[in-house]
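Visitor: I'm new to reading protein models. Could you walk me through this one, feature by feature?

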Amino acid sequence: RGGAGAETQVGNDLGSPEPLRWLLRSPFDRNVPVQLELQELLLDHVFQRLGVASQGCVDHPIVLTEAVCNPLYSRQMMSELLFECYQVPKVSYGVDSLYSFYHNRRQNWPCSGLVISSGYQCTHILPVLEGRLDAKNCKRINLGGCQAAVYLQRLLQLKYPGHFAAITLSRMEEILHEHSYIAEDYIEELQKWRSPEYYENNMHKMQLPFSNKLLGSTLTSEEKQERRQQQLRRLQELNARRREEKLQLDQERLDRLLYVQELLEDGQMDQFHKALVELNMDSAEELQSYINKLSLSVEQTKQKILQAEVNIEVDVVDSKPETPDLDPLGSEQSLEDVESINEFEPLFAEEQPEVEKPVAAVQPVFNLAEYHQLFLGTERIRAPEIVFQPSLIGEDQAGIAETMQYVLERYPKEQQAVLVQNVFLTGGNTMYPGLKARVQKELLEMRPFQSSFQVHLASSPVLDAWYGARDWAVEYMTREEGWITRKDYEEKGGEYLKEHCASNVYVPIRLPKQAPRTAEALATSRALASSTGNPCEQ
């Protein structure tokens, strides 16, 4: 976006985001929407793709996800956008990770568990008790897939400074998805990577794009000549376009100055002086000088354009086919004529183009393809490890294991035993191989001896949130639970939330109330008012 007549592109319509990555605009600050004008563009795009054909409104209930413990102001602005702009009949807000938990545990609902949700921007530890979120004990870690991709990019750019520009965030996200894994024991895994045999067996290679033309040109003379002609034609077209633009601009300025001069000739002095002030001129002589200069510039530009057209026509005429050989019987010449012509040939001989020697292909002294390869060793485990050890990137935060232990310690032992029986992993950043084993190892270290626990991974960590929202909407479509109607919005405000099994906890805004004024307080205030009368009267 940006600029006159700019086109707005959303999501996959962008194609490759790398050239525009630092120009992209997002309505979110991490996972909280803060720019509602951009959110409106996103909703327009969504409703258009879904084929919503309602005139002037969206006559469908809306199920929308929001961040854990979403600020009331953000929900208020979103409700205002949906009800006032799109005229939706009702809306429901829920948490994506709780929708995923609901989809995977629907048969045993309501149930308790500890949800670990890790996404692109942050990671949440959410305790769920009897199918309801315990918002007071939720914890958030400001690390996710985005920070892992940036950390991996920094590691590889330091390792391969010659490929600085080719190591993009898109490629780093691809490496994270396809080559990275979580080590069950990070220190022990690093010790394994010190072995050359282990390194050779587990190291992955990634090929960067490259071109053989960097080593040398193997074009023939005809191809070089054709390339020069193409460059010359492009240069001529560019110059012709610039001359036409300059001519048009100068002609517009000249017409403006001539119009001001006509005002002087017609005797309209007030308008003439006002026009001179607008043109930042002082006198009619200065105006005439500018008119003469612009007229000369316009004539010169026209002559250059005509000359360029003539040159193009001459080039076309000169490139005619060769004439066939004449009949030797009708063109007999005497030996003396031939000798006289040969005498003058050195004086008028045309310059013969030098025959270019064929350029031999330059044999590289090394394999160019191997030079453009990335060797992924310990980087495969170092980047995703930041969610367990944020200190690797200098973040002063607790990792998943410490945060999980802190949340569990806020409950009695009986509730702790219930929560750890259903530890649920969801979110796109939980798809690393080995994450489930790592969480089990951390729980084994923090739980009492011979205590049991179970760790489950979502069937589809990325899509289960949508599936859960779909299941909830189908089941609760005819109920009032969880749906905010337009009447609720008008009576209770945009920040109002109807709770349900996958929603946040609604905490209304509580403004401090003024204490009621008693009769004694009123009498005291009147006495004070009478004693502090007007000093002028006293």
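**Confidence, then a small sheet**

Guide: Let's start with the weak spots. Over residues 344-357 the pLDDT (the predictor's confidence in each residue, from 0 to 100) stays under 50, and the model has three contacts for this stretch beyond four places in sequence; a contact means heavy atoms within 4.5 Å. Residues 532-538 also have a pLDDT below 50, with two contacts beyond near neighbours in sequence.

Visitor: How should I read such stretches?

Guide: Where pLDDT is low, the predicted coordinates should not be read in detail. For the protein chain here, the mean pLDDT is 83, and 82% of the residues reach 70 or more. This is a predicted model, so local features need pLDDT of at least 70 and side-chain atom pairs count only at pLDDT 80 or more, while totals for chains, interfaces and linings use all residues. Residues are numbered from 1 along each chain as its sequence is written, and side-chain values use heavy atoms, with hydrogens and water left out.

Visitor: How many helices and strands are in the protein chain?

Guide: Helices (H or I, at least four residues) and strands (E, at least two) are DSSP runs, numbered from the N terminus. This protein chain has 19 helices and 13 strands.

Visitor: What order do the strands take in the open sheet?

Guide: Two strands pair if DSSP finds at least two bridges between them. The open sheet here has three strands in the order β3-β4-β13, with mixed pairing. β3 and β13 are the edge strands with a single partner each, so each has one side without a neighbour in the sheet. Helix α2 packs on the sheet and touches β3, β4 and β13; the directions of α2 and β4 make an angle of about 145° (axes are lines fitted to C-alpha atoms, for helices over the stretch in contact, and angles run from 0 to 180 degrees between N-to-C directions).

Visitor: Which strands run parallel?

Guide: β3 (residues 62-66) and β4 do, joined by five bridges, and I62 stands opposite V91 in β4. On the other hand, β4 pairs with β13 (residues 484-485) in the antiparallel sense over two bridges. There V91 stands opposite I484, and K90 stands opposite T485.

Visitor: Is β4 buried or exposed?

Guide: Buried means under 20% relative accessible area, exposed over 50%, and partly exposed in between (1.4 Å probe, protein chains only). Six of the six residues of β4 (residues 90-95) are buried, so the strand is largely enclosed by the rest of the structure. One face has K90, S92 and G94, the other V91, Y93 and V95.

Visitor: What kind of unit do β3, α2 and β4 make?

Guide: A crossover is right-handed if, with the strands pointing away from the viewer, the path from the first strand over the helix to the second runs clockwise. β3, α2 (residues 72-85) and β4 make a right-handed β-α-β unit. In the loop between β3 and α2 sits N70, which counts as buried at 8% relative accessibility. Leaving aside neighbours within four places in sequence, N70 is in contact with V32, R75 and N504.

Visitor: What about unusual backbone angles?

Guide: Most residues other than glycine have a negative phi, and most peptide bonds are trans. Q87, in the loop between α2 and β4, has a positive phi of about 55°. A cis peptide bond joins W109 and P110, with omega about -5°.
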